[in-house]
Amino acid sequence: MQRLISRAAMGLAVTALAVGGLATSAQAAPAAAAGNGDPTLTDVYIWATDVNLRQQPTTASPRLAVRSQWWGDALCQKQGQTVHDPAVGTNNWWTAVMEFSGSDIAWVNNLYIRGGQKIAGVPDC
């Protein structure tokens with residue numbers, strides 16, 4: 001009986017630590033849509049709203065889609081036109097993304113992808 005109480009107390013302590021850790025994390029990533037992506041590619045999250053996905057890594061390139069708070073599969077990333085957004089910063093790295101496995105490729109500036117200037121886990125093109 002003592003062992004059972006001890007295990008229950010340990011389980012509660014671990015749960016409390018896990019919940020506390022989640023509560024103190026700056027921003028938890030939203031859940032990715034299951035089954036839509038290619039498991040061999042890196043999932044990336046566009047955190048902003050009304051982000052233009054372009055045909056090439058430049059703002060002069062045709063817009064293929066507009067996405068808000070959206071998950072995509074990243075193929076690779078490379079330097080392109082420098083984008084400056086007064087609210088977010090400046091970045092010249094762009095990531096090639098696919099909405100669904102096998103879909104058309106579109107480019108999004110890394111300013112709007114969670115992960116920083118260059119996205120970890122996404123290879124260079």
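**Disulfide and core: questions and answers**

Me: How many disulfides are there by the sulfur-distance rule?
Reply: The model is predicted: local features need pLDDT of at least 70, side-chain atom pairs count only at pLDDT 80 or more, and totals for chains, interfaces and linings use all residues. Residues are numbered from 1 along each chain as its sequence is written, and side-chain values use heavy atoms, with hydrogens and water left out. A disulfide is a pair of cysteine sulfur atoms within 2.5 Å. By this rule the count is one.

Me: How far apart in sequence are the linked parts of the chain?
Reply: Cys76 and Cys125 form the disulfide, with sulfur atoms 1.8 Å apart. Cys76 sits in strand 4 (residues 70–85). Strands are DSSP runs of E, at least two residues, numbered from the N terminus. Cys125 lies in the segment after strand 6 (105–109), and the separation is 49 residues.

Me: Why does Val97 count as buried?
Reply: Val97 lies in strand 5. Buried means under 20% relative accessible area (1.4 Å probe, protein chains only). Val97 counts as buried because its relative accessibility is 1%.

Me: Which element gives the most to the largest nonpolar core?
Reply: A nonpolar core is a set of buried Ala, Val, Leu, Ile, Met, Phe, Trp, Tyr and Cys residues joined through side-chain atoms within 4.5 Å. The largest has 21 residues, of which Val44, Ile46, Leu53 and Tyr112 touch the most other members. Elements giving two or more residues include strand 1 (42–46) and strand 5 (89–98). The top giver, with four residues, is strand 4.

Note on methods. Buried < 20%, exposed > 50% of the residue type's maximum accessible area, 1.4 Å probe, protein only.
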